[in-house]
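This briefing introduces one protein structure to a reader who has not met it before. Please keep the sequence and the model in view while reading the points that follow.

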Amino acid sequence: MNKSFWFFLESYIYVTIKSNILLVYDTHTGNNFSVKSEVAIQIVRKIYEDKNLGCIELKLSDLDNPDIYTFVNAVIINGMGKLLDSKEYPIKPIILLPILSLNLDIDKFSNKENANMFLYRNISKYLLDVNIILNNSCEQQCLNCNEYCKQFFCCCRENIPKSLSQESLINLLCEISYYPVRTINITGGNIYQYKNLKVFNSLGKNSGKKINFYLHYLNYQENPYIDTQNIHLFVNAPINSAKINAIQIHTKKKNIKYHLIVENKEQYEELESIMHEYGIKDFEVHPFYNGHNVSFFEENVYLSKEDILIRPIPMREIFRNQKLNVNFFGSLYIFPNGEIKANFNEKTIGNLGKDKIIDVINYEMMQNTAWRKIRSANPCASCVYQYLCPPLSNYERILNRPNLCHIHF
């Protein structure tokens, strides 16, 4: 009599199949392995068939097949599944497989009217961050000023001075005060030139909203209101050490974070050295692509397989990457002329004074200019690490590449 076994994968195991490659990934530990075995792929497909409820029967003779034995053994050794003797366990196990299936999924609505009804039920919860660019005038002459902001949130200036009207700003703050917005980020050219920064007091200290002011470090000056909030200072090379020293002297008890803009290894070493010299521990590095330093990005920004798999990736995060872009989702950008975008580099989706924020959110959810842009294009779509990889960022767009990795199959 041919002995039989129940074989199944644990419910926390994520599997994906691309072409002839099968990836088996443990979302608890990060352990994983990939195989190029048609028989292993067939077994996994069979496990995921609805009728099998996450568990299949294997005969002892099946395990005589070297490919089947190797795959099943790898699963067992890595603690990713079990092989149970059907005599000892006569009742077939039922496994709740991790399958992404959202009842409230906008992509499922082919009818625009039904989608709108779904969205408007509680749409304000989708707005997480509001990024306000107060003005665009600045005395600094940063060489790549208007390019920084296309790659990461940063101050910027233009040749034609423009400021967001106080009426528009007040109306905006009033409207979002009732929304569960978690963060309000404020920048501009030199924001100290804005007429009335006290307008942000309208949010109230108990609003639960975090307020961040972003500015170039050379523009920093003491201000009774800004200094009570979170201050973010952008620093680029060449650096003015005397200014950094003066800032440190006057901001010892203030919440300051530095953002270092670097284009090459030399700039990174220079700016990091200054941070250490003045005992500055709270700083973040922002690589900047200037059109000529792709090798710097290949060495320091592009991901390897080891980079992607450096930590366990929860199933929730993998599923999230299949539906939305965490780098963009929930953010709106307000420009000095009143235009509203879901991403600095995308098209305008509204205008203050003409459109309510609730309608702008609805438009973005329907049209998807940024919030739900995922790795759906090749080569990502053909890669087993498609949804383990971090979401698309502005770097891909600026470098005109669909991916920033070293993975080849």
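**A strand pairing and its surroundings**

Y333 stands opposite K341 in β14. The model in which this pairing appears is a predicted one. The points below begin with the strands around Y333, and then turn to a three-stranded sheet, two helices and the protein as a whole.

**Strands β7, β13, β14 and β15**

- Strand β13 comprises residues 331–334 and is covered on both faces. S331 and Y333 lie on one side, L332 and I334 lie on the other, and all of these residues are buried.
- β13 and β14 run antiparallel and are joined by two bridges.
- These strands, β13 and β14, form a hairpin with four residues between them. In the turn of this hairpin, G338 has a positive phi of about 95°.
- β13 also pairs with strand β7 (residues 129–133), here in the parallel sense and over four bridges. Within that pairing, V130 has L332 of β13 as its bridge partner.
- Strand β14 (residues 339–341) pairs in turn with strand β15 (residues 348–351), in the antiparallel sense and over three bridges. K341, which stands opposite Y333, also stands opposite T348 in β15.
- A hairpin is formed by β14 and β15 as well, with six residues between the two strands.

**The sheet of β2, β3 and β4**

- Three strands make up an open sheet in the order β2-β3-β4, and their pairing is antiparallel.
- At the edges of this sheet are β2 (13–18) and β4 (32–35), each of which pairs on one side only.
- From one strand to the next, the twist averages 15°.
- Strand β3 (residues 21–26) is joined to β4 by four bridges, and the two strands pair in the antiparallel sense. One position in this pairing is Y25, whose bridge partner in β4 is N32.

**V72 in helix α2**

- Helix α2 spans residues 66–77 and includes V72.
- V72 counts as buried because its relative accessibility is 4%, and the cut-off for buried is under 20%.
- Apart from neighbours within four places in sequence, the residues in contact with V72 are F7, L58, L63 and L83.
- A40 is 32 residues away from V72 in sequence, while the C-alpha to C-alpha distance between A40 and V72 is 8.4 Å.

**Helix α11 and the residue after it**

- Helix α11 covers residues 357–367, and its buried residues are I357, I358, V360, I361, N362, E364 and M365.
- In an α-helix there are 3.6 residues a turn, so residues three or four places apart point the same way.
- N368 follows α11 and has a positive phi, near 55°.

**The protein as a whole**

- The protein contains twelve helices and 15 strands.
- Its C-alpha trace spans about 85 × 55 × 35 Å along the principal axes.
- The protein has 409 residues, of which 52% count as buried.
- Of the contacts between residues at least 6 apart in sequence, 69% join residues at least 24 apart.
- About 20,900 Å² of the protein is exposed, and carbon and sulfur atoms supply 49% of that area.
- The protein carries 44 positive and 41 negative charges, and the mean positions of the two sets are 5 Å apart.

Terms used:
Residues are numbered from 1 along each chain as its sequence is written. This is a predicted model: local features need pLDDT of at least 70, side-chain atom pairs count only at pLDDT 80 or more; totals for chains, interfaces and linings use all residues. Side-chain values use heavy atoms; hydrogens and water are left out. Two strands pair if DSSP finds at least two bridges between them. Axes are lines fitted to C-alpha atoms, for helices over the stretch in contact, and angles run from 0 to 180 degrees between N-to-C directions. Buried means under 20% relative accessible area, exposed over 50%, partly exposed in between (1.4 Å probe, protein chains only). Contact means heavy atoms within 4.5 Å. Accessible areas come from the Shrake-Rupley method with a 1.4 Å probe; for residues, only the protein chains shown count as cover. Lys and Arg count as positive and Asp and Glu as negative; His and the chain ends are not counted. The place of a charge is taken as NZ of Lys, CZ of Arg, CG of Asp or CD of Glu.
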